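Reader: I should like to understand how the descriptive terms are applied to this protein. Please set each value against its definition.

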Amino acid sequence: MSQIGQKLSNHAQWSGALADPGDAGTIQLEPDNNYCTCSITTSGAETRTLADPPDHAGFRLTISMDTDGGDCTITADTAINEAGNTIITLDDAGETISLESITIGGSGVWRVTGNDSATLS
């Protein structure tokens with residue numbers, strides 16, 4: 001096994017799908033869930049909150065709109081990019097945003113690593 005593969009098998013816990021918390025719910029990783037996806041389904045205009053990650057770097061989260069019954073506005077606890085954006089809006093099925101945690105001043109924060117048509121503000 002390569003060094004990278006060994007490091008991943010030693011440190012990464014793929015947890016797979018993270019349940020959509022539903023309207024007004026919070027998307028939140030547990031400390032042992034390093035790599036997750038969350039598929040959002042809406043039945044009208046809905047909201048979610050994105051909690052900050054645990055306080056260390058390397059967590060990955062992908063959020064996508066699975067079923068579009070209305071826009072989903074996701075408000076992050078802290079800025080998700082250097083521009084200071086805290087709001088992610090998914091308004092069509094298939095829109096996706098990928099995030100990875102870093103630390104700033106010892107606290108975990110999300111940073112956007114990929115964005116396929118999600119609106120940031």
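Reader: What makes the order β2-β4-β6-β7-β10 an open sheet, and which strands are its edges?

Author: In this predicted model, an open sheet of 5 strands runs in the order β2-β4-β6-β7-β10, with mixed pairing. Strands here are DSSP runs (E, at least two residues), numbered from the N terminus, and two strands pair if DSSP finds at least two bridges between them. β2 and β10 each pair on one side only, and they are the edge strands.

Reader: How do you know that β2 and β4 pair?

Author: There are 3 bridges between β2 and strand β4 (residues 46-50), in the parallel sense. The definition asks for at least two, so the two strands count as paired. As one example, Gly 25 has Arg 48 in β4 as its bridge partner.

Author: A word on sources: residues are numbered from 1 along each chain as its sequence is written, and side-chain values use heavy atoms, with hydrogens and water left out. Because the model is predicted, local features need pLDDT of at least 70 and side-chain atom pairs count only at pLDDT 80 or more, while totals for chains, interfaces and linings use all residues.

Reader: Why is the pair Asp 20 and Arg 48 called a salt bridge?

Author: The term requires a side-chain nitrogen of Lys or Arg within 4 Å of a carboxyl oxygen of Asp or Glu. The closest N and O atoms of Asp 20 and Arg 48 are 2.8 Å apart, so the pair qualifies. It links distant parts of the chain: Asp 20 lies in the loop between β1 and β2, and Arg 48 in strand β4, 28 residues apart.

Reader: What makes Asp 20, Glu 46 and Arg 48 a network?

Author: Arg 48 also forms a salt bridge with Glu 46, where the closest N and O atoms are 3.0 Å apart. Salt bridges thus link Asp 20, Glu 46 and Arg 48.

Reader: Which of these three residues are called buried, and why?

Author: Buried means under 20% relative accessible area, exposed over 50%, and partly exposed in between (1.4 Å probe, protein chains only). Arg 48, at 1%, is therefore buried, and so is Glu 46, at 10%. Asp 20 has 24%, so the term for Asp 20 is partly exposed.

Reader: How many salt bridges does the whole structure hold, and what is the distance between Glu 100 and Arg 60?

Author: The search finds 3 salt bridges. The side chains of Glu 100 and Arg 60 meet at 3.6 Å, N to O. Glu 100 is in strand β8 (residues 96-104) and Arg 60 in strand β5 (residues 60-67), 40 residues apart. Glu 100 has 26% relative accessible area and is therefore partly exposed; Arg 60, with 41%, is likewise partly exposed.

Reader: Why is Asn 85 called buried, and what does its side chain reach?

Author: Asn 85 sits in the loop between β6 (72-76) and β7 (87-90). Its relative accessible area is 16%, so the residue counts as buried. The side chain of Asn 85 reaches the backbone oxygen of Ser 121 at 3.3 Å.

Reader: What is the phi of Ala 24, and why is Ala 24 called exposed?

Author: Ala 24 has a positive phi of about 70 degrees although it is not a glycine. Its place is in the loop between β1 (14-17) and β2 (25-27). The relative accessible area of Ala 24 is 59%, and the residue is therefore exposed.

Technical notes
Helix = DSSP H or I, 4+ residues; strand = E, 2+ residues; numbered from the N terminus. Polar contact = N/O pair within 3.5 Å; in protein donor to acceptor, adjacent residues only side chain to side chain.
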